[in-house]
Amino acid sequence: ALAQHRKLALILFADRASQPQFIDSAGALVAAMTQRYRIGDGTNFQVALDAAAAVIADEQVYHKADIVLISDGMARVEQDWQAAHIQRKLKLGFRQIGLCISREWLKEQLPMFDAVSYCDGRYNVSKLQWLDKVATALVS
């Protein structure tokens, strides 16, 4: 996004999602990603993805958006919610990329992603070369 001069909306999450932070430079992204945050307990992908999709729906400048979900934990996703989310993704036209650190995505979650990567410290599996670099940097 930043290389294409598009803003990035950073939404941190646990069991709830933070308000989006709009990032417009690599330096601002590094500063935001290296801060310590306390959002809540647990992991809830649904609230994070709902918040991200709301930004895309509300802000027309994000009509070519990518959602990159980065997580070190697993969360159950309700099948009805996932089916509705996939339809929302198609309607709004965004891509969704998943980067899971330290384990693999649950098989039932894979349909909602356009590309995935997982990293366990030994290897990465990805459809996108740049995602492997991010995964390696995050676990190094």
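Contact here means heavy atoms within 4.5 Å. With that in hand, take Ile86 in this predicted model: setting aside residues within four places in sequence, Ile86 is in contact with Pro111 and Met112. Ile86 sits in helix H3, and its C-alpha atom is 5.8 Å from that of Met112, although 26 residues separate the two along the chain. Keep Met112 in mind, as that residue comes back below.

Let's step back for the overall layout. The chain has four helices and six strands, and reading from the N terminus the order is β-β-α-α-β-α-β-β-β-α. Of the 140 residues, 35% are buried. Contacts between residues 24 or more positions apart make up 57% of those with a separation of 6 or more, and the pairing of Ile86 with Met112, 26 residues apart, is one example of such a separation. On the outside, the chain exposes about 8,700 Å², with carbon and sulfur atoms supplying 51% of that area.

Now back to H3, which covers residues 79–92 and includes His85. Is His85 buried or exposed? With a relative accessibility of 1%, His85 counts as buried, because the cut-off for that label is anything under 20%. Beyond residues up to four places away in sequence, His85 touches Leu49, Phe94, Gln96 and Met112. So Met112 turns up again, this time as a neighbour of His85. Gln82 belongs to H3 too, and its relative accessibility of 10% makes Gln82 buried as well. Its contacts, again leaving aside neighbours within four places, are Val77, Glu108, Gln109, Pro111 and Met112. Both Pro111 and Met112 are also on the contact list of Ile86. As for the spacing along a helix, there are 3.6 residues a turn, so residues three or four places apart point the same way.

Next comes H2, which is where Leu49, one of the contacts of His85, is found among the buried residues. H2 spans residues 45–58, and its length checks out: at 1.5 Å a residue its 14 residues should span 20 Å, and the end C-alpha atoms are indeed 20 Å apart. The N-terminal end of this helix is capped by Asn44, whose side-chain oxygen lies 2.9 Å from the backbone nitrogen of Gln46. Gln46 itself is buried, as are Phe45, Ala48, Leu49, Ala52, Ala53, Val55 and Ile56. What do these buried residues of H2 pack against? Their partners are strands E1 (8–10), E2 (21–23), E3 (66–71) and E4 (95–101), together with helix H3.

H2 and H3 are also joined through charge. Side chains of opposite charge can pair when their charged atoms come close. A search of the whole structure turns up two salt bridges. In one of them, the side chains of Arg88 and Asp50 meet at 2.8 Å, N to O. Arg88 is in helix H3 and Asp50 in helix H2, so this pair links distant parts of the chain, 38 residues apart. Both ends are partly exposed, Arg88 at 24% relative accessibility and Asp50 at 31%.

The other bridge runs between Asp66 and Arg95, with the closest N and O atoms 3.0 Å apart. Since Asp66 lies in strand E3 and Arg95 in strand E4, the pair ties together parts that are 29 residues apart in sequence. Here too the partners are partly exposed: Asp66 has a relative accessible area of 32%, and Arg95 comes in at 37%.

Finally, have a look at the surface. Which residues make up a nonpolar patch there? Met33, Val68 and Ile70 do, and the patch comes to about 220 Å². Met33 is part of helix H1, residues 26–33, and counts as partly exposed with a relative accessible area of 40%. Ile70 also gives us a way back inside: its C-alpha atom is 9.6 Å from that of Ser117, with their positions 47 residues apart along the chain. Ser117 lies in strand E5, residues 115–119, and at 0% relative accessibility Ser117 counts as buried.

Conventions:
Residues are numbered from 1 along each chain as its sequence is written. This is a predicted model: local features need pLDDT of at least 70, side-chain atom pairs count only at pLDDT 80 or more; totals for chains, interfaces and linings use all residues. Side-chain values use heavy atoms; hydrogens and water are left out. Helices (H or I, at least four residues) and strands (E, at least two) are DSSP runs, numbered from the N terminus. Buried means under 20% relative accessible area, exposed over 50%, partly exposed in between (1.4 Å probe, protein chains only). The expected span of a helix is 1.5 Å times one less than its number of residues. A polar contact is a pair of N or O atoms within 3.5 Å; within protein, one must be able to donate a hydrogen and the other to accept it, and residues adjacent in sequence count only if both atoms are side-chain atoms. Patches are made of residues with over 30% relative accessible area and no salt bridge: like charges are joined within 9 Å, nonpolar side chains (Val, Leu, Ile, Met, Phe, Trp, Tyr) within 5 Å. Accessible areas come from the Shrake-Rupley method with a 1.4 Å probe; for residues, only the protein chains shown count as cover. A salt bridge is a side-chain nitrogen of Lys or Arg within 4 Å of a carboxyl oxygen of Asp or Glu.
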